[in-house]
Amino acid sequence: MNAVGQGGADREGVPEVSGTEGRIGRYYTLPGRRPTRTVMCGGIPVGGGAPVSIQSMTNTDTRDVKATASQVAALAAAGCDIVRCAVPDESAAVALKGIRAELAARGVRVPLVADIHFDHRLAIAAIENGADKIRINPGNIGGDDRLRAVVERARAAGVPIRVGVNGGSIEKDIAAEYGGPTAEALAESALRNIDRVASGGFEDIVVSVKSSDVRVCGETLHLLSERTDFPLHLGVTEAGVGDRALVKSAVGIGALLEDGIGDTIRVSLTGDPLREIYSARDILASVGLLPGAIDVISCPTCGRCKIDLPRIAEAVWEAVSEIETERVVAERRESFAECAELYRRDKAREYRPGQESFTVAVMGCAVNGPGEASRADIGVACGNGVAVLFKEGVKIATFADSDIVPRLIAEVSDTLGSPGGSIASS
Ligand code: SF4
């Protein structure tokens with residue numbers, strides 16, 4: 001291994017690049033976001049300039065307290081901020097209390113949302129058993145008197161309500177007027193149901209409108225963002241399986257976030273909900289809304305590449321994503337706590353995000369590699385059997401390409417002061 005300082009000789013045929021101009025790092029930014037009011041969900045502020053929260057839903061039987069608490073804990077450890085559980089019957093509503101106790105025993109604090117359909121008594125039971133938020137579709141919960149009973153119980157308990165509307169729940173008169181579940185019809189239905197919930201002065205409302213059609217979803221959320229300032233929950237429902245499902249969510253959610261719309265997101269994927277969290281993090285990181293993110297960029301490779309870059313890049317990404325998880329979880333905990341405190345002092349809009357993102361580059365050759373690697377916070381450009389390590393634009397070392405993964409990860413860990421340092425030495 002040859003340590004090469006700034007301006008050191010290029011002994012392995014990799015062009016000299018130094019300096020910090022044109023660095024790749026992106027900043028975590030909120031400017032341009034559509035202003036919404038803040039709704040507190042447990043200890044997590046939603047809307048009002050708070051970081052975009054990540055949600056998921058357990059797929060265990062909620063009545064199985066241990067299994068559900070374990071899944072909730074795993075989701076929270078991966079960066080999920082709010083977890084929803086299905087409450088199909090009274091036993092599931094009662095189980096929420098047990099899940100909460102089990103989580104407390106494990107030192108896990110994460111808001112639990114009760115997902116209710118059809119029976120307003122389940123919504124009330126969920127609130128009585130400690131739900132931090134309830135998700136209802138006012139269109140299928142019963143008449144106004146039943147809805148009012150739920151809203152009054154939520155108000156007394158300080159529990160917000162997520163008003164959910166989808167293509168299948170549009171009222172007949174609205175569907176007839178707009179000719180089906182169009183964006184206008186969905187928005188109209190959502191606004192009608194918001195009015196029903198808010199009519200007695202209840203304001204702790206988060207709104208979600210879902211469609212499996214990405215364009216309808218987007219148009220609806222745009223319409224709603226112009227007509228209400230309640231926080232908006234983004235998601236493409238029934239996205240499906242595999243890469244197509246993920247891309248649908250990334251396009252649907254990402255495009256809205258880029259337009260400044262959206263306060264909380266759920267990526268719906270069939271299967272293990274943990275994947276939803278990693279995907280949500282990737283979407284937020286891609287639009288510069290994930291404080292603590294570590295971006296790993298790598299070249300697509302071409303005929304100039306003489307090393308197994310896909311394997312190296314994959315190994316780097318795996319190790320870095322562990323470091324990122326710790327960073328992101330810690331950063332989010334701090335950011336939400338700060339936002340919640342500002343909200344208590346009626347100064348929610350004074351929140352300013354802190355941490356910038358961090359970029360790690362893994363490039364395959366000495367032609368384009370050094371330029372890209374030197375513009376990242378930490379980057380490596382591979383030559384023929386050797387690799388050159390750059391930090392903040394300065395070449396700091398050369399070593400055999402067999403050392404790329406441990407050297408790069410060690411440098412990332414040292415730079416970020418992450419407990420992930422143990423990863424590098426293992
Ligand atoms: S960095 Fe080199 S190996 Fe990678 S795509 Fe560009 S030219 Fe090809």
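Here are some questions and answers on a predicted model of a protein chain with a ligand.

Q: How many helices and strands does the protein chain have?
A: This is a predicted model, and its chain holds 426 residues, 52% of them buried. The secondary structure comes to 13 helices and 16 strands.

Q: What share of the contacts with a separation of 6 or more joins residues 24 or more positions apart?
A: Take the contacts in the protein chain whose separation is 6 or more. The part that links residues 24 or more positions apart is 67%.

Q: Which strands make up the closed barrel?
A: The barrel has 8 strands, and their pairing is parallel. From one strand to the next, the twist averages 25 degrees. In order, the barrel runs β4-β5-β6-β7-β8-β9-β10-β11.

Q: Is strand β4 largely enclosed or largely open?
A: Strand β4 covers residues 53–57, and 4 of its 5 residues are buried. A residue needs 20 or more other C-beta atoms within 10 Å to count as buried. With that tally for β4, the rest of the structure leaves the strand largely enclosed.

Q: Which residue of β11 is the bridge partner of S53?
A: Strand β4 pairs with β11 (residues 264–266) in the parallel sense, over 3 bridges. Within that pairing, S53 has as its partner T264.

Q: Which residue of β5 stands opposite S56?
A: β4 also runs parallel to β5 (residues 82–86), with 3 bridges joining them. Helix α1 (residues 65–78) completes a right-handed β-α-β unit with these strands. Across from S56, in β5, is V83.

Q: How many bridges join β8 to β9?
A: Strand β8 spans residues 161–166 and strand β9 spans residues 205–210, and they run parallel. One opposed pair is V163 with V207. The number of bridges joining β8 to β9 is 6.

Q: What angle does the direction of helix α9 make with that of β4?
A: Helix α9 (residues 273–286) packs on the sheet, where it touches β4 and β11. Compared with the direction of β4, the helix direction makes an angle of about 160 degrees.

Q: How many residues of the shell around the ligand are charged?
A: The ligand is surrounded by residues including C299, P300, T301, C302, R304 and C305, and also by M363, G364, C365, V367, N368 and G369. By class, the shell has 7 nonpolar and 4 polar residues. The charged count is 1.

Q: How far apart in space are T301 and M363, C-alpha to C-alpha?
A: Both T301 and M363 are among the residues around the ligand. In sequence they are 62 residues apart. C-alpha to C-alpha, the distance in space is 8.1 Å.

Q: Which residues does T301 touch, not counting residues up to four places away in sequence?
A: T301 lies in the loop between β12 (294–298) and α10 (309–344). It counts as partly exposed because it has 15 C-beta neighbours inside 10 Å. Leaving out residues up to four places away in sequence, T301 touches L309, P310 and G364.

Q: What is phi of T301 near?
A: Most residues other than glycine have a negative phi. T301 has a positive value instead, and it is a residue other than glycine. Its phi is near 70 degrees.

Q: What is phi of F118 near?
A: F118 sits in the loop between β6 (112–115) and α3 (120–128). With 13 other C-beta atoms within 10 Å, F118 is partly exposed. Its phi is positive, near 75 degrees.

Definitions and conventions: Residues numbered from 1 in each chain as written. Predicted model: local features only at pLDDT ≥ 70, side-chain atom pairs only at ≥ 80, totals over all residues. Helix = DSSP H or I, 4+ residues; strand = E, 2+ residues; numbered from the N terminus. Buried ≥ 20, exposed ≤ 12 C-beta atoms within 10 Å, placed from the backbone. Contact = placed C-beta atoms within 7 Å. Near = placed C-beta within 6 Å. Nonpolar A, V, L, I, M, F, W, Y, C, P; charged D, E, K, R; others polar. Pairing = 2+ DSSP bridges. Right-handed = clockwise from strand over helix to strand, strands pointing away. Axes fitted to C-alpha atoms, helices over the stretch in contact; angles between N-to-C directions.
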